[in-house]
Amino acid sequence: SLASGTARLYRSGPSQGHGGGMTEPTIAQKAPYKVAVEAGKSYWWCACGKSAKQPFCDGSHKGTEFTPVKYDAEKTGDAWFCGCKHTAKTPMCDGTHKGL
């Protein structure tokens, strides 16, 4: 992955899919989002797929089991954020969209 090792990840609240029934996230698009990130800035990736500001959170997850994932950019450059919301390497694309 292009951005592996370039960020520290944090998840707030309970992780998705644990406890109760497992809800599938909405697939925003079956391709990654290329985003120019700046070192030292934080970004909140949408995990539910419902945000109108993809790939980032706009609060649409409220009332669901999903929580956004914080991405702290350690270097300036392009990052490939997951668009299908099924990646195992949240919030970065790992190619899972190719099998959906």
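A salt bridge here is a side-chain nitrogen of Lys or Arg within 4 Å of a carboxyl oxygen of Asp or Glu. With that in hand, glutamate 38 and lysine 41 make the cut, as their side chains come to 3.5 Å, N to O. Both partners sit part of the way out of the protein: glutamate 38 is partly exposed, at 42% relative accessible area, and lysine 41 is likewise partly exposed, at 41%. All of this comes from a predicted model.

A search through the whole structure turns up three salt bridges. Another of them joins aspartate 78 to lysine 34, with the closest N and O atoms 3.4 Å apart. Aspartate 78 belongs to strand E5 and lysine 34 to strand E2 (residues 33–37), so this pair ties together parts that lie 44 residues apart in sequence. Aspartate 78 is partly exposed, with 41% relative accessible area, whereas lysine 34 counts as exposed, at 52%.

The salt bridge between aspartate 72 and lysine 70 has its closest N and O atoms 3.9 Å apart, which still falls within the 4 Å limit. Here the aspartate is tucked away: aspartate 72 is buried, with a relative accessible area of 8%. Its partner, lysine 70, is partly exposed at 23%, since buried would call for a value under 20%.

Both residues bring the story to strand E4, which runs over residues 69–73. Four of the five residues in E4 are buried, so the strand is largely enclosed by the rest of the structure. E4 pairs with strand E3 (residues 42–45) in the antiparallel sense, over four bridges. Within this pairing, tyrosine 43 stands opposite tyrosine 71 of E4.

Next comes threonine 87, found in the segment after strand E5 (77–81). Threonine 87 is buried, at 9% relative accessible area. What does the side chain of threonine 87 do with its polar atoms? One of its polar atoms lies 2.8 Å from the backbone oxygen of methionine 92, and the side chain also makes a polar contact with the side chain of aspartate 94, at 3.3 Å. Leaving aside residues up to four places away in sequence, threonine 87 touches Trp45, Cys82, Met92, Cys93, Asp94 and Thr96. Methionine 92 and aspartate 94 thus turn up on that list as well as in the side-chain picture, the former through its backbone oxygen and the latter through its side chain.

Notes: Residues numbered from 1 in each chain as written. Predicted model: local features only at pLDDT ≥ 70, side-chain atom pairs only at ≥ 80, totals over all residues. Heavy atoms only, no water. Helix = DSSP H or I, 4+ residues; strand = E, 2+ residues; numbered from the N terminus. Buried < 20%, exposed > 50% of the residue type's maximum accessible area, 1.4 Å probe, protein only. Polar contact = N/O pair within 3.5 Å; in protein donor to acceptor, adjacent residues only side chain to side chain. Contact = heavy atoms within 4.5 Å. Pairing = 2+ DSSP bridges.
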